[in-house]
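Subject: Model for you to look at

Hi,

Here is the structure I promised to pass on, with my notes below it. Have a look at it first, and then see whether the notes match what catches your eye.

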2 protein chains.
Amino acid sequence: MATNTRATKQKLAITEVLEGQNKFKSAQEIHELLTKAKSKVGLATVYRSLQSMVQAGVVDVIVSSDGESRYRACSQDHHHHLLCRRCGQTREFVAPEIEKLAEVIAKKYNFTDTDHIIEISGICKDCK
Amino acid sequence: MATNTRATKQKLAITEVLEGQNKFKSAQEIHELLTKAKSKVGLATVYRSLQSMVQAGVVDVIVSSDGESRYRACSQDHHHHLLCRRCGQTREFVAPEIEKLAEVIAKKYNFTDTDHIIEISGICKDCK
DNA sequence: TTAATTGCAAATCCTTTGCAGATTC
DNA sequence: GAATCTGCAAAGGATTTGCAATTAA
């Protein structure tokens, strides 16, 4: 593939927006953020840029359960969510042990560049 | 929603097809299989049935990297998935340690009746 | 009977593409 | 100046939805 990549205003703007986020965002959301930031970038360009950034390894993607791809600048500390099925409240938590285990499991099956989704749900004490 | 579910020929046909598979299949593939098997079932019905089956917990779903959902009859044991972001191949794994950790974390925040979603993604060795 | 389910086609939603003009190197 | 980008609008592909007809209970 084209290992070539030119530094354009659009790509810089996208990179900037991505770095201001700590959660995965969809291409459409990124496009909205750009618009709000007065950077006019076409939606198609957002998609194309994100694509090349993923290939270049500077951006991470995940596909959510509704089939939408979500992007985030690589290597940031991430956390996970604990969700109450009744009231919808969420809490964030960090669990280094789980991170490590996930890594070990991936390695066991020869997977690299790993990422993971861990969501725990239950009934919180207020709803009990 | 509707916890009600009627036993229709269509659902039976879908169940039958699913049970004859050991790999995740997309709704469209399942629809094709049905057609080949001389079971005329509308595509919309396939989607709707799969949806309710997932809710009922008798079918597993995963979303592949191209945004397509794939379905498979649940296997007995509780397991998780390792997904290759590039080719979409999946492997199942069981990790009692993770189960335990998830439980511990939930308890720490006073959550009960817990459940969890754990998906690890990466690039498999064939795609590297 | 009657509420759930189906099939069809139209409608959505996210994403990709074709192409002419604007840009970067 | 030439190879890449961009923007726009049209095209694609998966999934959903409206609605009248059908069917299970």
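One term before anything else: a polar contact here is a pair of N or O atoms within 3.5 Å. By that rule, T45(B) makes a clear one, as an N or O atom in its side chain is 2.5 Å from a phosphate oxygen of DNA strand C. Please keep in mind that this is a predicted model.

Let me stay with DNA strand C for a moment. There are 22 residues around this strand, and those that come nearest are Y47(A), T8(B), G42(B), T45(B) and R48(B). Of the strand's atoms that come within 4 Å of the protein, sugar and phosphate account for 66%. The sugar side is represented by Q10(B), with a side-chain N or O atom 2.9 Å from a sugar or linking oxygen. The bases are reached too: R48(B) has a side-chain N or O atom 2.8 Å from a base nitrogen of DNA strand C.

Which elements supply the surface near DNA strand C? Helix 3 (43-56) of chain A, helix 1 (9-19) of chain B and helix 3 (43-56) of chain B each supply at least two residues. Helix 3 of chain A gives the largest share, five residues. By type, this surface divides into six nonpolar, nine polar and seven charged residues.

Now for DNA strand D. Here 23 residues lie around the strand, and R6(A), T8(A), T45(A), R48(A) and Y47(B) come nearest. Sugar and phosphate make up 69% of the atoms of DNA strand D that come within 4 Å of the protein. Q10(A) has a side-chain N or O atom 2.9 Å from a sugar or linking oxygen of this strand. From chain B, Q51(B) places a side-chain N or O atom 3.2 Å from a phosphate oxygen, and a polar side-chain atom of R48(B) lies 3.5 Å from a base oxygen. R48(B) therefore has a polar contact with a base of DNA strand C as well as with one of DNA strand D.

Helix 1 (9-19) and helix 3 of chain A, together with helix 3 of chain B, each supply at least two residues of the surface near DNA strand D. Helix 3 of chain B gives the most, with five residues. The residue types here are six nonpolar, nine polar and eight charged.

On to the protein-protein side. Chain B puts 36 residues in contact with 37 residues of chain A, and the area buried between the two chains is about 3,100 Å², with carbon and sulfur atoms giving 66%. How many salt bridges are there between chain B and chain A? The count is zero, while three residue pairs are in polar contact across this interface. On the chain B side, strand 4 (80-84), strand 5 (90-93), helix 4 (96-108) and strand 6 (112-123) each supply at least two residues. Strand 6 of chain B has the largest share, twelve residues. Strand 6 (residues 112-123) of chain A runs antiparallel to strand 6 of chain B, joined by nine bridges, and I120(A) stands opposite H116(B).

Lastly, a detail within chain B. Strand 3 (residues 69-73) is joined by two bridges to strand 1 (residues 25-26) and by five to strand 2 (residues 59-63), antiparallel in both cases. R70(B) in strand 3 is the bridge partner of S26(B) and of I62(B). Strands 2 and 3 form a hairpin with five residues between them, where G67(B) in the turn has a positive phi of about 85°.

Best wishes

Conventions:
Residues numbered from 1 in each chain as written. Chains lettered and ligands numbered in written order. Predicted model: local features only at pLDDT ≥ 70, side-chain atom pairs only at ≥ 80, totals over all residues. Heavy atoms only, no water. Contact = heavy atoms within 4.5 Å. Buried area = accessible area lost by both parts, 1.4 Å probe. Salt bridge = Lys/Arg side-chain N within 4 Å of Asp/Glu carboxyl O. Polar contact = N/O pair within 3.5 Å; in protein donor to acceptor, adjacent residues only side chain to side chain. Helix = DSSP H or I, 4+ residues; strand = E, 2+ residues; numbered from the N terminus. Pairing = 2+ DSSP bridges. Near = heavy atom within 4 Å. Nonpolar A, V, L, I, M, F, W, Y, C, P; charged D, E, K, R; others polar.
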